[in-house]
Amino acid sequence: MIPILARTRRGLDAARHGMTPPVVLVPTMGALHDGHRALLRRAREIAGTDGSVLVSVFVNPLQFGPGEDFGRYPRDLTEDLAICGAEGVTVVFAPDRAGMYPREQLVTVDPGPMGQVLEGASRPGFFTGVLTVVLKLFQLTLPDVAVFGQKDAQQLALVRRMTADFDLGIAIDGVPLVRDPDGLATSSRNRYLSASERATALALPAALRAGQEAAGDGSEAVLAAAGQVLDRASRGDPPLLPDYLALVDPETFAGVKPGYAGTALLLAAARAGKTRLIDNMPVTLGRE
Ligand code: AMP
């Protein structure tokens, strides 16, 4: 199946009129990989054979800070369309910057306290940019369901919260994180990594696994075990440059307190060379 490609709002409106419900939206920045494919498959599963899967491809300038990789972020619409075709996508909406932001975006979404920590602390303005574009995409495409990946766990939690707090009436579906066979979380940015940087980057999932394995000894042991692996990698060649390591309540993103029981989320961010990577794994904690 060849998806309909809409490059403008008018094109999208025309395509949207022909879409049979349920309409399932998958927002992406393109350069699609196996992680995105998992979202596309989930979207088709939710839509069923009669419903419609709508994929947006837009590298959102609002969520990139000065000095980040907006200019060099990988873009390959031809390959993206082929992948969307293979995964049964109905419509691809790929607007240009003026199509998405026809005027200066003066009013934006405030992500609140959950958007100030971790990714929000490391990348000021990031979640304002993300939630603003997601809200615009929701308004432009009017989906019944929207699918997001657990790879960006804080983003998923914030989208859920925005949808609830603004009564948007869209079901948010989360898809488990997809990894390459070597354990690295699949990411469009992985193509920036040299072979030696990639080997270094593997300390990120290794640290999270070490944390998971220490779960029986409590939250502090989890952070200590994961921290040790990151420390070792920070002395490697090339070095891993850790940004944060945190164990949080998956709904509020507040750090877990001693005595926390249930599933927590262990998250880490680090740089290998110039490439910033994030990863997370669930950790089940009992009573301490
Ligand atoms: P992006 O194109 O990086 O903005 O990602 C678009 C969507 O795909 C987001 O909801 C991501 O969380 C999701 N995604 C990206 N990589 C993965 C992965 N490795 N596993 C699961 N979901 C992913």
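**Ligand site and a three-stranded sheet**

In this predicted model, an oxygen atom of the ligand lies 2.8 Å from an N or O atom in the side chain of histidine 36. A ligand oxygen atom is likewise found 2.6 Å from an N or O atom in the side chain of aspartate 152, and a polar backbone atom of methionine 29 is 2.9 Å from an oxygen atom of the ligand. On its own the ligand has 490 Å² of accessible area, of which the protein covers 93%. The surrounding shell comprises 17 residues, the closest being His36, Gly149, Asp152, Val178 and Thr186. At least two shell residues each are supplied by strand E2 (23-28), helix H2 (34-47) and strand E5 (145-149); the largest share, 3 residues, comes from H2.

An open sheet is formed by 3 strands in the order E7-E8-E9, with antiparallel pairing. Strands E7 (240-248) and E9 (275-285) are the edge strands, each pairing on one side only. From one strand to the next, the twist averages 15°. E7 and strand E8 (residues 262-272) run antiparallel and are joined by 8 bridges; leucine 241 has arginine 271 in E8 as its bridge partner.

Two helices contact this sheet. Helix H10 (residues 219-234) packs on the sheet and touches E7, E8 and E9, its direction making about 170° with that of E7. Helix H9 (residues 203-213) lies across E7, E8 and E9 and runs at about 15° to E9. Within H9, the residues Ala203, Leu204, Pro205, Ala207, Leu208, Ala210 and Gly211 are buried. The cover over the buried residues of H9 includes helix H8 (195-201), H10, E7, E8 and E9.

Conventions:
Residues are numbered from 1 along each chain as its sequence is written. This is a predicted model: local features need pLDDT of at least 70, side-chain atom pairs count only at pLDDT 80 or more; totals for chains, interfaces and linings use all residues. Side-chain values use heavy atoms; hydrogens and water are left out. Two strands pair if DSSP finds at least two bridges between them. Helices (H or I, at least four residues) and strands (E, at least two) are DSSP runs, numbered from the N terminus. Axes are lines fitted to C-alpha atoms, for helices over the stretch in contact, and angles run from 0 to 180 degrees between N-to-C directions. Contact means heavy atoms within 4.5 Å. Buried means under 20% relative accessible area, exposed over 50%, partly exposed in between (1.4 Å probe, protein chains only). A residue is near a molecule or strand if one of its heavy atoms lies within 4 Å of it. A polar contact is a pair of N or O atoms within 3.5 Å; within protein, one must be able to donate a hydrogen and the other to accept it, and residues adjacent in sequence count only if both atoms are side-chain atoms. Accessible areas come from the Shrake-Rupley method with a 1.4 Å probe; for residues, only the protein chains shown count as cover.
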